[in-house]
Amino acid sequence: MTGFGKATAEYGNKKIIVTVRTLNSKQADIQVRMPAAFKEKEFEIRNLLTSELQRGKIDFTLSVEEQNTSAVGAVNLQPEQIKEYVHQIRCISQEADIPEPINWFEVLLRLPGSTSPIQVNEENTDEICQEEWDIVKTAIIDSLKQLNEFRKQEGTMLQKVLSEKIENIGSLLREIDQPEGERVAQIKAKLEEALKQISEGFDRNRLEQEMIYYVEKLDVNEEKTRLRNHLDYFLSTMDTLPGQGKKLGFIAQEIGREINTLGSKSNHAEMQQLVVRMKDELEQIKEQVLNVL
């Protein structure tokens with residue numbers, strides 16, 4: 001879900017820069033920063049962000065830089081005034097018998113009145129025309145495409161990591177089969193040994209009934225079957241349409257319930273160790289699922 005996109009565009013003497021950053025979030029939390037001239041377009045911008053990014057903490061920034069600053073300090077020459085200065089300088093040069101200036105323009109342009117500043121029309125600077133908005137909108141779309149491409153790369157990496165974690169849980173689940181068989185035999189042997197300590201006789205049929213009840217209570221075959229199904233469902237969900245992050249989170253919760261049930265029924269040191277390792281893999285899955293859209 002995390003990503004970054006940036007796009008630039010030009011309109012007249014303006015350089016338009018659009019940046020979009022996203023972080024993990026359950027909902028669409030949008031922060032927009034832009035010049036006041038674009039405030040009327042904020043609703044449309046938010047709709048663009050929501051439709052393309054769906055959810056996440058979205059930080060959108062639109063900035064406009066003035067590229068051509070040549071108008072600042074620019075001047076118009078005043079020909080009539082300059083001609084008058086030239087005439088006066090020549091007259092003074094002849095009367096005082098001093099040489100005329102070598103660099104006329106350098107002298108003349110320093111004299112007051114030889115130039116006048118250009119008046120820049122600043123009307124409607126706080127308004128944008130449709131042409132400018134179309135260029136800005138294209139830049140926004142380009143930045144979102146770049147961000148989504150970033151997300152796809154991250155998603156490919158996450159899918160590989162999550163698949164490995166699911167496979168690890170499946171491998172640990174297969175390892176449970178051996179200690180599970182030993183556990184039943186150990187329980188039966190302990191009960192029979194305890195019964196030998198009883199001096200008076202006992203009803204063997206009742207014993208077998210109690211044994212069956214006890215073994216069924218500790219049986220984990222159903223949990224193992226459901227856990228395998230959840231693991232397969234998790235993998236198949238990742239291969240379906242995008243936008244399955246919440247669904248994967250729900251499946252991870254179901255996987256956690258089955259692992260917890262396995263742990264509570266284990267009653268065997270080796271099985272409990274395997275369950276702890278499963279929980280460790282599952283916690284890493286839950287952390288990574290938060291990054292899935």
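Me: Which residues of α2 are called buried, and what makes them so?
Reply: They are Ile82, Tyr85, Val86, Ile89 and Ser93. Buried means under 20% relative accessible area, exposed over 50%, partly exposed in between (1.4 Å probe, protein chains only). This is a predicted model, so local features need pLDDT of at least 70, side-chain atom pairs count only at pLDDT 80 or more, and totals for chains, interfaces and linings use all residues. Residues are numbered from 1 along each chain as its sequence is written, and side-chain values use heavy atoms, without hydrogens and water.

Me: Why are the buried residues of α2 placed on the same side?
Reply: They cover an arc of only 100 degrees around the axis, so they share a side of α2. The arc is that of the directions from the helix axis to the C-beta atoms. Exposed on the other side are Glu80, Lys83, Gln94 and Glu95.

Me: What is the reach of α2 set against?
Reply: Against an expected span, 1.5 Å times one less than the number of residues. Helix α2 (residues 79-96) has 18 residues and reaches 26 Å from first C-alpha to last, close to the expected 26 Å. A helix here is a DSSP run (H or I, at least four residues), numbered from the N terminus.

Me: What makes the lining of the largest pocket mixed by class?
Reply: It has nine nonpolar, ten polar and four charged residues. Ala, Val, Leu, Ile, Met, Phe, Trp, Tyr, Cys and Pro count as nonpolar, Asp, Glu, Lys and Arg as charged, and the others, Gly among them, as polar.

Conventions. Helices (H or I, at least four residues) and strands (E, at least two) are DSSP runs, numbered from the N terminus.
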